[in-house]
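The following exercises introduce a structure step by step. Please study the sequence and the model before reading each solution.

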Amino acid sequence: MRFLRYLLMASTLYSAQASAECLTRGTGDMGIVIERAAGSLQVIDRTTHQSLFRVEGLGDLSHASAVYSRDERYAYVFGRDGGLTKVDILCGKITHRVVQGGNSIGGAISQDGSLIAVSNYEPGGVKIFSSKDLSLVADIPATPVNSEKRAKTVGLVDAPDQRFVFSLYDTGETWIVDMTDPADPQIQKNLNVGALPYDGLITRDGRYYIAGLFGQDGLALLDLWYPEKGTRLILKDYGKGEQKLPVYKMPHLEGWAMAGNRAFLPGVGHHQVLVVERGDWNPVGKIPVHGQPVFVMARPDGRQIWVNFAFPDNDTIQVIDTESLKVIKTLKPGKGALHMEFAPRGEEVWISIRDKDEIQVYDTRSLELRHSLPVDKPSGIFFTSRAHTTGL
Amino acid sequence: MTKTVVLITAALLVLGAYTVTAAEIHPQRQAELFYLLKHDCGSCHGMRLEGGLGPALTAKRLAPYGVEFLALTIIQGRPGTPMPPWRPFITEQEAFWLAGQLKQGVNQ
């Protein structure tokens with residue numbers, strides 16, 4: 001009886017917290033997990049491995065991503081359907097929401113935290129909003145492809161000096177937008193960077209922007225210390241003489257898998273992780289892996305690289321040792337291992353397993369499963385530590 | 001472009017255009033195909049098939065194309081674009097069935 005009363009009290013307390021009251025705590029060990037099919041997200045506690053809130057009504061969240069306000073209280077969630085939603089993670093509530101485009105693919109927050117930029121496929125271009133109330137600050141249409149369509153924008157990141165950088169899929173361009181004066185965006189267009197850039201990333205220090213190319217081998221590199229020099233092709237011969245394999249899901253270039261002076265990148269149409277030396281950007285190796293890599297992510301200390309794969313190999317995760325460049329572990333966490341997020345100091349990695357409706361948490365030292373949480377068709381996992389990382 | 005059309009037409013003649021009724025695909029397999037469509041095709045075409053890096057697969061968007069053309073696109077892919085061949089995972093019969101479903105509109 002006493003136990004029942006306790007349960008009742010506990011559940012009342014929980015629901016009161018969820019509806020009316022906000023948590024009083026720091027947010028540094030919190031995060032969100034996208035529930036892609038339900039259009040909802042869960043706010044999670046990294047320390048207790050528990051869900052704190054479920055927030056609904058975010059629209060189509062297939063391929064959703066998020067960035068954080070610099071105070072780590074608000075998550076800005078970019079939905080596929082053009083929805084941009086500001087979520088208060090301490091209260092588990094939506095504070096603002098706009099549907100700003102027809103079809104979107106992620107966004108970024110400016111260096112000073114005042115602006116949110118969203119990358120749109122339809123209509124092609126980038127829109128920039130106030131991070132306070134999501135009011136429109138600037139609209140930057142992409143290059144027209146024909147009378148009806150503009151190029152799709154991809155690989156949008158924030159860069160130092162209050163800039164945003166993104167690429168144009170259909171027309172092969174990389175643009176730098178300087179938002180120092182929000183009323184007068186300055187745009188530098190780099191043309192002919194390569195065929196069909198499908199995603200982009202920026203190094204953690206904010207110096208190099210790299211666009212992955214689907215239409216040809218290689219990647220387009222831009223040195224943001226010297227933007228006037230334009231882009232150059234790197235790794236342009238990496239796939240030479242090899243038969244390209246079909247790609248059942250496009251790789252993601254999120255963040256930057258960097259270990260020491262080496263960068264690790266997904267091959268496209270090759271079941272390989274490419275290793276390149278930063279500086280001269282020459283290839284130093286190719287690591288054969290289980291399938292088409294999607295995310296290639298470094299444990300924060302750079303000792304390991306974790307890789308997940310495209311359909312039909314998305315039931316597998318491989319761990320690569322960055323010294324020997326060998327696969328040291330192959331995990332089979334379940335079908336639809338879609339996304340990985342490391343704890344900022346690297347002791348844990350959280351992995352979304354779509355078809356099991358759960359998040360699995362692995363200890364990165366023993367490489368063993370330690371916890372799991374029920375989440376409805378989970379995809380992206382975003383910890384608040386991203387608030388302080390350029391490009392995330 | 002002309003070459004592609006010629007090739008596809010030739011392939012159509014070889015294959016022999018035919019229609020597939022739902023009765024020929026086991027209900028469990030139909031559910032699997034819908035799941036594949038939503039979550040895996042959806043990674044490029046959008047989970048609601050309203051488009052992404054790949055075009056929308058709504059009935060309206062697909063109206064100009066025949067079932068045979070769509071089925072062959074699924075089976076063979078579209079060279080020069082990111083659309084891969086799904087032949088290893090889907091039979092021709094299943095592709096025809098799926099193309100028919102798409103023509104009718106399967107997005108919510």
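**Exercise 1.** In which order do the four strands of the open sheet that includes strand 17 of chain A stand, and how are they paired?

*Solution.* The order is 16-17-18-19 in chain A, and the pairing is antiparallel. Strands (E, at least two residues) and helices (H or I, at least four) are DSSP runs, numbered from the N terminus; two strands pair if DSSP finds at least two bridges between them. Strand 16 (197-202) and strand 19 (231-234) of chain A are at the edges, each with a single partner strand, so one side of each has no neighbour in the sheet. From one strand to the next, the twist averages 25 degrees, where axes are lines fitted to C-alpha atoms and angles run from 0 to 180 degrees between N-to-C directions. Strand 18 (residues 219-223) of chain A pairs with strand 19 of chain A over four antiparallel bridges. A:Leu221 stands opposite A:Arg232 of strand 19.

**A note on the model.** This is a predicted model, in which local features need pLDDT of at least 70 and side-chain atom pairs count only at pLDDT 80 or more, while totals for chains, interfaces and linings use all residues. Residues are numbered from 1 along each chain as its sequence is written, and chains are lettered from A and ligands numbered from 1 in the order in which they are written.

**Exercise 2.** Describe the open sheet of chain A that contains strands 28 to 31.

*Solution.* Its four strands follow the order 28-29-30-31 with antiparallel pairing. Strand 28 (337-342) and strand 31 (368-374) of chain A are the edge strands, each pairing on one side only. Neighbouring strands are turned by 25 degrees against each other on average, direction ignored. Between strand 30 (residues 358-363) and strand 31 of chain A, which run antiparallel, there are six bridges. A:Val361 has A:His371 of strand 31 opposite to it.

**Exercise 3.** State the secondary structure of chain B and the confidence in both chains.

*Solution.* Chain B has five helices and zero strands, which gives the pattern α-α-α-α-α along the sequence. Its average pLDDT (the predictor's confidence in each residue, from 0 to 100) is 85, and 77% of its residues score at least 70. Among the elements of chain B, helix 4 (residues 67-76) has the highest mean pLDDT, 96, and helix 1 (residues 2-15) the lowest, 54. For chain A the mean pLDDT is 92, with 94% of residues at 70 or more. Residues 12-18 of chain A fall below 50, and this stretch has four contacts beyond near neighbours in sequence; a contact means that C-beta atoms, placed from the backbone, lie within 7 Å. The model as a whole scores ipTM 0.81 and pTM 0.89.

**Exercise 4.** How many residues does each chain bring to the contact between chain A and chain B?

*Solution.* Chain B supplies 17 residues and chain A supplies 20. On the side of chain B that touches chain A, seven residues are nonpolar, seven polar and three charged. Here Ala, Val, Leu, Ile, Met, Phe, Trp, Tyr, Cys and Pro count as nonpolar, Asp, Glu, Lys and Arg as charged, and the others, Gly among them, as polar.

**Exercise 5.** Which residues does A:Phe164 touch, not counting residues up to four places away in sequence?

*Solution.* A:Phe164 touches A:Ala108, A:Ala117, A:Val126, A:Leu156, A:Asp158, A:Ala159, A:Val177 and A:Met179.

How values were computed. Two residues are in contact if their C-beta atoms, placed from the backbone, lie within 7 Å.
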